[in-house]
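Got a few minutes to poke at a fold together? Here it is, and then some questions about the labels people put on it.

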Amino acid sequence: MTPADPVRDIVIVGGGTAGWMAAAALAKVAGTRERSITVVESDAIGTVGVGEATIPPIQLFNKLLSIDEADFLRATQGSYKLGIQFVGWGRRDHVYMHPFGLFGPDMNGIAFSHYWLRALKAGGDPDNHLFIAEGEAMRLNRFGRVPPSPGLPRINYAYHFDASLYAAHLRAYAERLGVIRREGKIVAVDQDGESSLIRSVLLQDGRTVGGDFFIDCSGFAGLLIDGALKAGYDDWTHWLPANRAVAVPSERVDPLTPYTRSTARDAGWQWRIPLQHRTGNGYVFSDAFISEDQATRDLMESLDGRALGEPRVLRFTTGRRRKSWVGNCVALGLASGFLEPLESTSIHLIQAAISKLLALFPATAVDTRMAGLFNTFMDSQYESVRDFIIAHYKVSQRDDTPFWRHCRDMPTPDTVQARLDNFRARGEVMVENHELFRESNWFPVLYGQGLTPEGYHPLADAMPEAELAATLVRIRQAIRSRVDELPSHPDFLARLCGTPRQGD
């Protein structure tokens, strides 16, 4: 094989969410007439399967595939998600929310948050969620697909779903479009002796699967990107100390809420993800502060429904590959890196990588220019998400356990400190255009954790006081009117998917 060989045969190593998302997207966009797309996976190798919560861009991926939302939710036992409820993060007894919606409309070219901060300093209501429609809907357990209206955006939402069922749904989709699945465990990788390019993978039963371009979706192992190509790994444990998660499903408990819950624990945090058929639970922690056995006991004792399986411990090292694209191989998902699922970004990082790969897809087995652009993009994605997650820990006022004191005192990247300083000074973090999380994401988290800005944008003072007061009342009433029209989340799902209503 040579670097100039055309890309005709694409091999995806590993199935799961990452593998089948890649296969489905490539089959849809690139087709299977001029190129073959083969997924090699083994039923004997389990998948992590804890990525059950998403963020709004997942809608774009499903739209690319022309997936019907009702069919998708039925197939994956999914529910809707308007944001994340954080319990005990700022203080042990404190609750706040990170909704997906905008914090009021921009006014006069300035973010609404600055006008709200001005009113707050004059004695206004400190509840910022009153001006976020999704936040109000979360508190009232309501949901609806509402289009934009004058002065108000649409309701922003994502999904909770069973990741294994989503992978199965995408597998059926991809196979209908001509994707080939090969069952088998990979035992060796054959590389060209001169160029080190991957030529084929050898299966345990002696079969080989050759290709021109390979996509590594082999999970934490990074079978191709690290095992064969030695891409290297940047360890971020010094900034994000959690290195374990124990997960277990439990029976569904009503009401079926339209949000993920993250509850701070003594040595980390616990997720709760409501699905139609069960609830997903997990405890993300650092084994430097609690044992795996104790974390498992704490999780099992805190479930609000009967456990439906045995708890499973996952071990990981937070960080990312130094290069996600090397030679004729691109790594996606856990093979590319891992950031704890505090803000539900695991599946999004797969989606972002797939979208960029489609945009930069090479004509030949090796294209160093496209690879360089891809690696730069993925570096920025991982680093911006990393910084947002670090801020959750750094800003917490918790100091009641060794873990939280460690988080308070740990060093942070200069990029994080600069954002915290900006926010403290005037309520904004100055996000860059390429970043996933915007001002509307940073504000509810930092403010919700107890960091109240000392100032605000000076041009917010230009609005007369009476006009500002009337504007805030008008926006508040419009948001409340919109939310009051929404059905309950269980009722909306019942009408859409035939989900049993609470009490049925």
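Q: Which helices each supply at least two residues of the lining of the second largest pocket?
A: This is a predicted model, to start with. In it, helix 8 (346–359), helix 9 (368–395) and helix 12 (439–448) each give at least two residues to that lining.

Q: What is the volume of the second largest pocket, and which residues are closest to its centre?
A: The volume is about 390 Å³. Out of 22 lining residues, Pro-57, Leu-436, Phe-437, Arg-438 and Asn-441 are the closest to the centre. By class, the lining splits into ten nonpolar, nine polar and three charged residues.

Q: Why are helix 9 and helix 11 called oblique to each other?
A: Look at the angle: the axes cross at roughly 60 degrees and come within 10 Å. Roughly parallel needs an angle under 35 degrees, and roughly perpendicular runs from 65 to 115. Roughly 60 degrees fits neither, so helix 9 and helix 11 count as oblique.

Q: Which residues make that contact between helix 9 and helix 11, and what is the hand of the crossing?
A: The crossing is right-handed. Helix 9 brings Arg-386, Asp-387, Ile-390, Ala-391, Lys-394 and Val-395, while helix 11 (residues 414–426) brings Thr-415, Val-416 and Leu-420. That makes five nonpolar, one polar and three charged residues.

Q: What makes helix 4 roughly perpendicular to helix 13?
A: The axes of helix 4 (residues 112–121) and helix 13 cross at roughly 115 degrees and come within 11 Å. The roughly perpendicular class covers 65 to 115 degrees, so helix 4 gets that label relative to helix 13.

Q: Which residues hold the contact of helix 4 with helix 13?
A: Phe-112, Tyr-115, Arg-118 and Ala-119 come from helix 4, and Glu-465, Leu-468, Leu-472 and Ile-475 from helix 13. Six of these residues are nonpolar, two are charged and none is polar. The crossing of helix 4 and helix 13 is left-handed.

Q: Why do helix 3 and helix 6 count as oblique?
A: Helix 3 (residues 69–76) and helix 6 (residues 163–176) pack at about 125 degrees, with axes 8 Å apart. Roughly perpendicular stops at 115 and roughly antiparallel needs over 145. An angle of about 125 degrees belongs to neither class, so helix 3 and helix 6 are oblique.

Q: Which residues touch where helix 3 meets helix 6?
A: Asp-71, Phe-72, Ala-75 and Thr-76 of helix 3 meet Leu-165, Tyr-166 and His-169 of helix 6. The contact has four nonpolar, two polar and one charged residue, and the crossing is right-handed.

Q: How do you know that the peptide bond joining Asp-254 and Pro-255 is cis?
A: Check omega, which is about 0 degrees for this bond. Pro-255 sits in the loop between strand 13 (244–251) and strand 14 (260–265). Most peptide bonds are trans.

Q: What makes the phi of Lys-230 worth a look?
A: Phi of Lys-230 is near 50 degrees, a positive value in a residue other than glycine. Most residues other than glycine have a negative phi. Lys-230 lies in the loop between strand 11 (213–216) and strand 12 (233–235).

Q: How many cavities of 30 Å³ or more are there, and which helices help line the second largest?
A: There are two. The second largest cavity has a volume of about 80 Å³, and helix 5 (133–140) and helix 13 (465–484) each supply at least two of its lining residues.

Methods. Residues are numbered from 1 along each chain as its sequence is written. This is a predicted model: local features need pLDDT of at least 70, side-chain atom pairs count only at pLDDT 80 or more; totals for chains, interfaces and linings use all residues. Side-chain values use heavy atoms; hydrogens and water are left out. On a 1 Å grid over the protein atoms alone, a cavity is a set of points where a 1.4 Å probe fits but cannot get out, and a pocket is an open set with protein on both sides within 12 Å along at least five of seven lines; lining residues have an atom within 4 Å of a point. Grid points are joined across faces, edges and corners, and a volume is the space filled by probe spheres set on the points. Helices (H or I, at least four residues) and strands (E, at least two) are DSSP runs, numbered from the N terminus. Ala, Val, Leu, Ile, Met, Phe, Trp, Tyr, Cys and Pro count as nonpolar, Asp, Glu, Lys and Arg as charged, and the others, Gly among them, as polar. Axes are lines fitted to C-alpha atoms, for helices over the stretch in contact, and angles run from 0 to 180 degrees between N-to-C directions. A crossing is left-handed if the near helix is turned anticlockwise from the far one by less than a right angle, and right-handed if clockwise. Contact means heavy atoms within 4.5 Å.
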